[in-house]
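Please take a look at the sequence and the 3D structure below. Afterwards, we will walk through some of its features together.

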2 protein chains.
Amino acid sequence: MDVNEIPTPALLVDATAFEHNVAAMAAALPGPRLRPHVKAFKSTALARRLVEVGHITFCCATPREVVGMAGAGMGEDLLLANETLDPARLHAMATSGARVTAAVDSEATVDAAAAGGIGEVLVDVNVGLPRCGCAPEDAGRIAELARAKGLDVRGVMGYEGHLMNVSDQEERFARVAKAMGRLTAAHELVGGEVISAGGTGTYSTNAAATEIQAGSYTLMDTAYAQMPDLPFQLALSLWCTVIHVSPDGWAVADGGLKALGMDHGNPSVDGGEVLFCSDEHTTFTPDPEQPPTVGDRIRLWPAHVDPTVALHEQMHLVEGDEVVDTWPVDLRGW
Amino acid sequence: MDVNEIPTPALLVDATAFEHNVAAMAAALPGPRLRPHVKAFKSTALARRLVEVGHITFCCATPREVVGMAGAGMGEDLLLANETLDPARLHAMATSGARVTAAVDSEATVDAAAAGGIGEVLVDVNVGLPRCGCAPEDAGRIAELARAKGLDVRGVMGYEGHLMNVSDQEERFARVAKAMGRLTAAHELVGGEVISAGGTGTYSTNAAATEIQAGSYTLMDTAYAQMPDLPFQLALSLWCTVIHVSPDGWAVADGGLKALGMDHGNPSVDGGEVLFCSDEHTTFTPDPEQPPTVGDRIRLWPAHVDPTVALHEQMHLVEGDEVVDTWPVDLRGW
């Protein structure tokens with residue numbers, strides 16, 4: 001199929017950029033050194049490409065991602081890098097046939113994991129981002145609680161999410177090292193073989209983790225693209241049709257904030273400037289070198305890949321103008 | 001079912017607030033004076049409540065909303081208040097069994113509507129929001145083009161979206177009147193019985209329109225709630241479980257930016273303050289009068305209803321702690 005036959009708005013994945021990103025990361029963090037984060041792409045078809053280059057351990061943010069990955073036959077080692085208290089979902093993960101490890105950071109989350117039939121856990125440690133995770137000095141106690149409930153404690157995890165977009169590499173390196181000091185201190189109290197941390201922004205600056213949780217690198221977004229040292233290319237775009245061209249200088253694309261994650265701001269457009277997004281429209285000033293006409297197709301570049309993908313039922317893999325595959329976004333919801 | 005049995009995150013609709021909103025609008029704009037905008041709620045089950053109070057004409061932003069409303073038996077008079085060039089979707093709407101009217105604002109959109117088998121159109125007029133819509137002085141020409149293609153021109157539409165959140169009522173009234181001056185000028189050139197415009201923010205300040213396109217009033221959001229003269233109550237909340245309570249003063253809910261439209265900013269929490277949203281978390285400082293414990297349920301109040309609903313498969317209608325109905329969000333996508 002030609003890309004111009006795809007109804008818009010729709011997500012395109014540029015095959016060349018995607019394969020570049022996957023290969024670059026697999027070279028830097030081969031096999032289980034990377035635990036790809038499924039939350040970024042929510043697609044078992046995309047995940048299968050990562051298995052093909054040697055990553056067979058995966059990280060998930062929701063029970064649905066875990067159960068879906070298990071159902072697709074990629075359940076060799078799935079980490080729910082998040083806390084849940086939901087008995088039915090814990091049970092669904094525990095009986096999914098996969099090896100499932102869950103994060104715990106409190107007595108309540110330990111009790112829920114044990115009651116739900118989960119066998120293995122990581123102690124989630126706060127490394128500076130004000131979110132989940134126990135204090136480093138409390139990690140040993142959480143591990144003991146877990147072991148007392150019969151859970152196997154594989155180690156620790158911590159997410160330095162507040163440092164993902166620190167653009168200066170040296171500053172990022174220093175701040176990540178400090179954050180990871182908290183995690184390794186916790187690890188000394190907890191034991192186990194796993195120190196799981198990191199993300200696309202810190203994949204090369206986090207020297208403490210035994211495995212890096214990165215997913216956005218596969219598709220990338222304009223926020224991560226602003227970081228000068230990341231070797232990944234923008235692969236994900238929103239394919240739109242121009243439905244209006246104003247004589248006063250703006251044009252309108254038929255994809256808007258219901259097709260784009262907006263928490264990192266507006267998308268970008270090549271050669272022009274996005275003015276604002278409405279529910280089903282993006283108003284932009286076009287590239288003056290290439291004034292559009294109604295019916296033209298254009299690409300918008302999302303500012304944040306994860307919530308953008310979650311708004312779509314599928315992504316189309318394209319090589320030039322040829323659609324070579326269509327990946328269902330089959331892990332949406334909770 | 002008790003509301004505490006619902007897996008989180010999930011959307012709740014407070015039945016009392018919802019029924020208040022529906023009744024208040026039906027009293028102000030009875031029957032076809034209101035053309036409820038389906039884009040706000042994307043649910044045929046919710047739409048059916050509006051039919052029960054007398055609104056049988058509806059407004060849609062996407063072909064899927066039109067086709068879905070037709071399939072659910074609410075196709076008496078459906079307006080696609082948007083331009084599309086997609087032949088397959090135009091054909092699907094035209095053959096849906098519904099009375100379908102589409103917006104047109106250029107020769108290309110007129111040609112597409114005619115080629116797709118659409119029978120009736122409104123000329124979409126720019127009334128000040130830099131988006132779609134022809135210039136008022138061009139509306140007569142567009143109407144002639146449409147009639148020459150055999151299309152029945154029912155009138156004009158224009159959306160004063162840039163004025164929806166002007167909080168001062170007097171200023172809003174004056175600016176809406178000016179915007180509607182553009183629309184009535186266009187209407188004089190176009191003819192027809194319909195002048196379709198407005199939204200929740202201007203439903204009572206738009207005196208020129210023969211029908212108002214409002215949908216958000218049914219569920220409301222914190223952005224619209226800041227407007228002092230709107231008589232509608234917050235009905236939509238994101239039901240979450242507290243999964244972490246930090247000794248340092250914050251707590252974490254298990255719903256984040258993949259469950260909340262973020263283009264209008266963070267959600268709100270009663271008695272506390274939202275610090276930030278992550279993909280699957282919201283970190284907040286809780287109400288000091290009611291410090292939460294892990295496992296508690298809380299409500300987050302979305303800043304923008306339309307994209308929030310579009311992230312969910314269903315909404316639960318609740319009376320107190322009782323879930324009295326569950327509405328599929330069955331009109332998502334395009």
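## Helices, turns and a pair of chains

Just after helix H5 of chain A comes A:Gly117, and its phi is positive, near 90 degrees. Helices (H or I, at least four residues) and strands (E, at least two) are DSSP runs, numbered from the N terminus. Before going on, please note that this is a predicted model, in which local features need pLDDT of at least 70, side-chain atom pairs count only at pLDDT 80 or more, and totals for chains, interfaces and linings use all residues. Residues are numbered from 1 along each chain as its sequence is written, while chains are lettered from A and ligands numbered from 1 in the order in which they are written.

Chain A has a mean pLDDT of 97, and 100% of its residues reach 70 or more; pLDDT is the predictor's confidence in each residue, from 0 to 100. The model scores ipTM 0.97 and pTM 0.97.

**Two helices of chain A**

Let us stay with H5(A). Which of its residues are buried? They are A:Thr109, A:Val110, A:Ala112, A:Ala113 and A:Ala114. A residue is called buried if 20 or more other C-beta atoms lie within 10 Å of its own, exposed if 12 or fewer, and partly exposed in between, with C-beta atoms placed from the backbone. The buried residues of H5(A) pack against helix H4 (87–94), E4, E5 and H6 of chain A. Two residues are in contact if their C-beta atoms, placed from the backbone, lie within 7 Å.

In helix H6 (residues 139–148) of chain A, the buried residues are A:Ala139, A:Ile142, A:Ala143 and A:Ala146. These residues sit on the same side of H6(A), because they cover an arc of only 100 degrees around the axis. The arc is that of the directions from the helix axis to the C-beta atoms. Among the elements that cover the buried residues of H6(A) are helix H5 (107–115) and helix H7 (169–190) of chain A. H6(A) is followed by A:Gly150, which has a positive phi near 85 degrees.

**Backbone details in both chains**

Most residues other than glycine have a negative phi, and most peptide bonds are trans. The table lists some cases that go the other way.

| Place | Backbone value |
|---|---|
| A:Met220 | positive phi of about 65 degrees |
| B:Met220 | positive phi near 65 degrees |
| A:Thr8 to A:Pro9 | cis, omega near 0 degrees |
| B:Thr8 to B:Pro9 | cis, omega near 0 degrees |

A:Met220 lies in the loop between strand E8 (211–212) and helix H8 (222–225) of chain A. Is A:Met220 buried or exposed? A:Met220 is buried, because 24 other C-beta atoms lie within 10 Å. B:Met220 is found in the loop between strand E8 (211–212) and helix H8 (222–225) of chain B. As for the prolines, A:Pro9 lies in the segment before strand E1 (10–14) of chain A, and B:Pro9 lies in the segment before strand E1 (10–14) of chain B.

**Domains of chain A**

The domain assignment gives chain A domain 1 (3–11 + 232–328) and domain 2 (30–213); such bounds come from an automatic or database domain assignment. Their C-alpha centres lie 33 Å apart. Seven residues from domain 1 of chain A and seven residues from domain 2 of chain A make up the contact. On the domain 1 side, H9(A) gives the most, with three residues. That side divides into six nonpolar residues, no polar and one charged. Here Ala, Val, Leu, Ile, Met, Phe, Trp, Tyr, Cys and Pro count as nonpolar, Asp, Glu, Lys and Arg as charged, and the others, Gly among them, as polar.

**How the chains meet**

How many residues does each chain bring to the contact between chain A and chain B? Chain B brings 43 residues and chain A brings 45 residues. On the side of chain B that touches chain A, the largest share, three residues, comes from E9(B). By class, that side has 19 nonpolar, twelve polar and twelve charged residues.

Chain B can be laid on chain A with an RMSD of 0.0 Å by a turn of 180 degrees and a shift of 0.0 Å along the axis. The two copies are therefore related as by a two-fold rotation axis. Copies are superposed by least squares on the C-alpha atoms of residues with pLDDT of at least 70 in both. The same surface serves both copies, as 100% of the contact residues of chain B recur in chain A.
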